[in-house]
Structures are given as C-alpha cells and as structure tokens.
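I sat down with this model to look up a few things, starting with the ligand and ending with the backbone. Here are my notes, in the order I took them.

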Amino acid sequence: MVVVVGGPSSEKLGSDIAKKLDLPYINLESKVFPDDESYLKFPEEFREDELIVIQSCFPKQDKRLMELLFIVDTAKESGVKNLNVVIPYLPYARQDKKFRAGEVVSNRSIGNLLYTVGTDLLLTIDVHQYESFKEFKMRRLNISAMPLLAEHLKSMSLSNPCIIAPDKGAIGHAEVISSILKTDCTFFEKQRDGITGKVETIEKDLNFRGKDIVIIDDMISTGGTIANVSKIAKNCGAEKIIAACTHALLVGNAEEKMRNSGVTEIVTTDTVPNRFCKISVAPIIVDTLRKIIEI
Ligand code: R5P
C-alpha cells in the first residue's frame, strides 16, 4: 500500500495530493521545543511498504531539511521499502559549485544527506540548475511549473506582452512561457558580486512602449534581480510589469523593493506559501507520481 505523508511545512499540499491520488494520508504529530528543536511522531500502528513524503524546504530551510531527514530516516528504519520524497522547493541549490576556493558545495551535501537517510526517489520542481542535481545518487526527477505559470498569465489578458529572462539562467524558462503565450522574449545579463552578493544588471536599449512585461525567474529571494530589470523595463516604456516565478521566498522587503521599481503584480506557485500564490503545483506532482510509481 502506498501512503502519503505531509511534513510540517506541507500538510495542505500533502493532503491535496493524497486526495487527488486517492491514497491514505498520514498526518504526523509535530511540535517545536522551546529551544527550537523539532519533535515528530508517526502513528503507532505505522507499517507501510511505500511512502510519498511531501516537504517543501522554504525558510527556515535548515529546520525544514532537518525535519525531512528525521521523517525519511524514521520511515526507512520502520521498514518502508520505497521512499519517494517530494521537495517542491529544494534549498541550497544555488551553491552547486565552489565559486571561490574553499567554499562548501551545499547542494551536494544536501543530496548526500537525503540519500544517506534512505531517499529512493527525489522529485523537485524547477530546481535551480538541473545539471548539478544530476550528481545526486538517488533516482531523481525535476518538473517544470512554467506551463502552469503560462496558463495563469494567459488568463490575465496582457497587452502585447514580452517575456524577459532577468539572467542567462532563466532563458529556458522564458522560452517555455513565450512559446505557450506565442509572444516575444528577451534576456538580460546579470553579475553578482561573490563577496557582497550585490547584483548588477547590464542595461539594454529596448522599446517596450505599449507592451506589458513579464519577468520570469525560477525564484525571487530579496527581489534585487527583478527590481533591476523592472527599473530598466519601466525606463524603456513598459506598461504593466509582472514578476513571475515558481518559488517566491520574498525575503525582507523584497515586495516593497519590487513595487518601488515598477512591478505591478507578483505571480507565483504554492511551493512557498505566501499571499501571492495563485497556482497550485499539486496537479503536476500528481501527474508525475502517477507516471513513475505504481498506485
Ligand atoms: C539566481 O540566479 C536565481 O535564478 C535568482 O535570479 C536569484 O536567486 C534571485 O535572487 P534575488 O531575488 O535575491 O535577486
């Protein structure tokens, strides 16, 4: 029997997925001790062969990851044979190599930890760089939420839209969206200071008069990348400016920063729950799970 477990960060998503798959759902008992350590408990009669664990690891990333490691380790120890782990937002994916000598490669360490505790299959959504993910030792799959974002953008009746990738890494996403919307697309180049983290976007002389703009990225963290591009787009005459992404972390004053630079709307999915989530990733997770495991 296959059973779905929603970790503490993804109880709603987990139970939605279980309902759509018509599978039993297990709610773990969870609490946090005064010193911030997490406590989790499976039901006493828990004895299953195959599990689908859903836990998105948005901030606080370390806590979410630690909870997930506890869940997978405990499930494996209790005799689960197939452990399918769904991490809609996989953190630490941007540190996927040594940019400077001596740096840790966090992405690889996370992969090793998940594998060591017993993950058989890892399913993620729009992981930062698919190439680095290939180093993970377990079976893994990454799915794109871009078609879902494109469908939502279609319903917004945008005027003569142009899709923008704010850096080279987002070109693939912009191309997917623009091919579904049948619109123009362009990209910017970005440089990030390896020490201060400050982002600079190289200016481009473009004419956006009479156009709505969609800036698309895998994630928005501090909003700096989007704000830079939005300012340029506004100076080039853009009408509405939509910031769209799969994972909206919106750290600190990210929203204010983007609004002040001309962003009129933020469109995102529920891999990171916040007030802008209009799109659920449950359907694409369900479709993928149906294809890859026997349910
Ligand atoms: C990095 O290249 C990512 O794709 C995003 O562009 C980046 O993480 C966004 O970060 P921020 O919102 O802090 O500029």
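The entries below cover the ligand, the pocket, the cavity and two spots in the backbone.

**Entry 1: the model**
I note first that I am working with a predicted model.

**Entry 2: around the ligand**
I began by asking which residues surround the ligand. I found 14 of them, and the closest are Asp217, Asp218, Ser221, Thr222 and Thr225.

Then I sorted this shell by class. I got 6 charged and 6 polar residues, with 2 nonpolar ones.

Next I looked up where the shell comes from. Three elements supply at least two residues each: β11 (190–192), β13 (213–220) and α7 (224–235). Of the elements, β13 gives the most, with 4 residues.

**Entry 3: polar side chains at the ligand**
I went through the oxygen atoms of the ligand and wrote down three distances.
- For threonine 222, I read 2.5 Å between an N or O atom of the side chain and a ligand oxygen.
- For aspartate 218, a polar side-chain atom is 2.6 Å from an oxygen atom of the ligand.
- For arginine 94, I have 2.9 Å from a polar side-chain atom to an oxygen atom of the ligand.

How much of the ligand does the protein cover? On its own the ligand has 370 Å² of accessible area, and the protein covers 92% of that.

**Entry 4: the largest pocket**
Where does the ligand sit? I find it in the largest pocket. I put the space in this pocket at about 1,400 Å³. There are 47 lining residues, and those closest to the pocket centre are Arg94, Phe99, His128, Lys190 and Arg192. Arg94 is a residue I had already met, with its polar side-chain atom 2.9 Å from a ligand oxygen.

By class, I have 17 polar, 15 nonpolar and 15 charged residues in the pocket lining.

I also checked which elements build this lining. At least two residues each come from α4 (130–133), β8 (139–143), α6 (171–181), β11, β13 and α7. The largest share is from β13, with 4 residues. I had noted β13 before, as the element that gives the most to the shell around the ligand.

**Entry 5: the cavity**
How many cavities of 30 Å³ or more are there? I count 1, with about 70 Å³ of space in it. It is lined by 13 residues, and the closest to its centre are Tyr89, Leu90, Ala93, His128 and Met219. I recognised His128 from the pocket, where it is also among the residues closest to the centre.

The cavity lining holds 8 nonpolar residues, along with 3 charged and 2 polar ones.

**Entry 6: two spots in the backbone**
I finished with the backbone. The peptide bond from proline 59 to lysine 60 is cis, and I see its omega near 0°. I place lysine 60 in the loop between β5 (50–54) and α2 (61–77).

My other stop was aspartate 126, where phi is near 40°. That is a positive value in a residue other than glycine, so I wrote it down. I find aspartate 126 in the loop between β7 (121–125) and α4.

Terms used:
Residues are numbered from 1 along each chain as its sequence is written. This is a predicted model: local features need pLDDT of at least 70, side-chain atom pairs count only at pLDDT 80 or more; totals for chains, interfaces and linings use all residues. Side-chain values use heavy atoms; hydrogens and water are left out. A residue is near a molecule or strand if one of its heavy atoms lies within 4 Å of it. A polar contact is a pair of N or O atoms within 3.5 Å; within protein, one must be able to donate a hydrogen and the other to accept it, and residues adjacent in sequence count only if both atoms are side-chain atoms. Accessible areas come from the Shrake-Rupley method with a 1.4 Å probe; for residues, only the protein chains shown count as cover. On a 1 Å grid over the protein atoms alone, a cavity is a set of points where a 1.4 Å probe fits but cannot get out, and a pocket is an open set with protein on both sides within 12 Å along at least five of seven lines; lining residues have an atom within 4 Å of a point. A molecule sits in a cavity or pocket if more than half of its atoms lie within 2 Å of its grid points. Ala, Val, Leu, Ile, Met, Phe, Trp, Tyr, Cys and Pro count as nonpolar, Asp, Glu, Lys and Arg as charged, and the others, Gly among them, as polar. Grid points are joined across faces, edges and corners, and a volume is the space filled by probe spheres set on the points.
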